[in-house]
Amino acid sequence: MRRKTALDLQQLKADRQRIAMVTAYDYTMARIVDAAGVDMVLVGDSLGMVFQGHADTLSVTLEDMAYHGRCVARGLQQAHLTVDMPFMSYQVSPQQALENAGRLVKEGSAQSVKLEGGQRSAPAIQSIVEAGIPVVGHVGLTPQSVNAMGGFKVQGRGEQAAQQLMEDALAVQRAGAFCVVLEMVPAQLAAEVSAQLDIPTIGIGAGPDCDGQVLVCNDLLGFDSRFKPRFVKRFAELEEPMVEATRSFVEQVRSGEFPGPEHSFKGKSGPRKVAKLY
Ligand code: KIV
């Protein structure tokens, strides 16, 4: 089996097939979502929030992204791997962007990189693409600009903002990105952008007419029952069963029920070689 390429993903739009993308941050989750048949796995800098527990993504480093990229890559057989460029790893200059994108390929096993911003990020995108590294754009709500945007808010509302968003998406395409994430954008505007662009759009909080959809794996699987924004659909509610399973473990350890004889080893004939555990 081979991993999907940027060209395969572009072909999906040409074939009018929707693209399914999900985030993953470790080997086990990567193995699970790959087996489920997702087309793209994103090592998102959302890991700063759902993995590291920060309030935003701003403190995530290039080293963090490379580390999680390597972990995820080992779990993938067929899905394409995109790794996010973290805050301040591409904004300084196109040269800086290219050097750090190269590091995510070499040290983070990325097949492509994703970076935020429309017109303002076009020179960085162009410089990375010219070096042969595929780029995913990201417009609309760009969480690395949370302080400038005044929070995690819907973008592109009103005529002027909608026009700016369309221009941003077109700038990302012109700069050479092979697809673009539209985050927290009114559904009608996302539909118009998707119809206007040749490259696939991947929506999150951007309605049903994008060429694909992305969700954070923790949201999709319901790992945190406290977090339920409008754009998230939970396809499972796993927090409660995981707490329950762990509670049973705690009870059985305390009562002495676990481990039973079936989990224990006999030692009469001396030490034996134990079969490989993992
Ligand atoms: O960091 C991330 O997980 C993302 C997705 C929400 C698109 O950028």
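**Figure 1. Overview of the predicted protein chain and its contacts.** Among the contacts in the protein chain with a separation of 6 or more, 60% are accounted for by residues 24 or more positions apart. The model shown here and in the views that follow is predicted. Its protein chain contains eleven helices together with eight strands, and the C-alpha trace spans about 75 × 40 × 35 Å along its principal axes. Of the 278 residues in the protein chain, 47% count as buried. The accessible surface of the protein chain amounts to about 15,000 Å², and 54% of this surface belongs to carbon and sulfur atoms.

**Figure 2. Close-up of the ligand and the residues that surround it.** The residues around the ligand are T23, L42, G44, D45, S46, D84, K114, H138, V181 and I204, and this shell divides into three nonpolar, four polar and three charged residues. Three of the surrounding side chains are singled out here for the distances between their polar atoms and oxygen atoms of the ligand. For S46, an N or O atom of the side chain is 2.5 Å from a ligand oxygen atom, while a polar atom in the side chain of D45 lies 3.1 Å from an oxygen atom of the ligand. In the case of D84, an N or O atom of the side chain is 3.1 Å from an oxygen atom of the ligand. The ligand taken alone exposes 260 Å², and 95% of that area is buried by the protein.

**Figure 3. Surroundings of V83 in strand β3.** V83 belongs to strand β3, which comprises residues 80–84, and V83 counts as buried because its relative accessibility is 0%. Leaving aside residues up to four places away in sequence, V83 touches V43, M65, G69, L104, G108, A110, S112, V113 and K114; of these, K114 also appears among the residues surrounding the ligand. The C-alpha atom of V83 is separated by 6.4 Å from that of G44, a residue 39 positions apart from V83 along the chain, and G44 is likewise one of the residues around the ligand.

**Figure 4. Q144 in the loop between β5 and α7.** Q144 is placed in the loop that connects β5 (135–140) with α7 (146–149). With a relative accessible area of 6%, Q144 is buried, and its side chain reaches the backbone oxygen of M85 at a distance of 3.1 Å. M85 is also found in the list of residues that Q144 touches when those up to four places away in sequence are not counted, a list that consists of D45, T57, L58, M85, P86, F87, Y90, Q91 and E116. One of these contacts, D45, is in turn a member of the shell around the ligand.

**Figure 5. The cysteines C71 and C217, shown with their sulfur atoms.** In general, a disulfide is a covalent bond between the sulfur atoms of two cysteines. With a disulfide taken as a pair of cysteine sulfur atoms within 2.5 Å, the count comes to zero disulfides. The cysteine sulfur closest to that of C71 is in C217, and because the two are 13 Å apart they are too far from each other for a bond. C217 is accordingly in no disulfide, the sulfur of C71 being the nearest cysteine sulfur to its own. C71 is buried, with a relative accessible area of 13%, and C217 also counts as buried, at a relative accessibility of 2%.

Terms used. Residues are numbered from 1 along each chain as its sequence is written. This is a predicted model: local features need pLDDT of at least 70, side-chain atom pairs count only at pLDDT 80 or more; totals for chains, interfaces and linings use all residues. Side-chain values use heavy atoms; hydrogens and water are left out. A residue is near a molecule or strand if one of its heavy atoms lies within 4 Å of it. A polar contact is a pair of N or O atoms within 3.5 Å; within protein, one must be able to donate a hydrogen and the other to accept it, and residues adjacent in sequence count only if both atoms are side-chain atoms. Accessible areas come from the Shrake-Rupley method with a 1.4 Å probe; for residues, only the protein chains shown count as cover. Ala, Val, Leu, Ile, Met, Phe, Trp, Tyr, Cys and Pro count as nonpolar, Asp, Glu, Lys and Arg as charged, and the others, Gly among them, as polar. Helices (H or I, at least four residues) and strands (E, at least two) are DSSP runs, numbered from the N terminus. Buried means under 20% relative accessible area, exposed over 50%, partly exposed in between (1.4 Å probe, protein chains only). Contact means heavy atoms within 4.5 Å.
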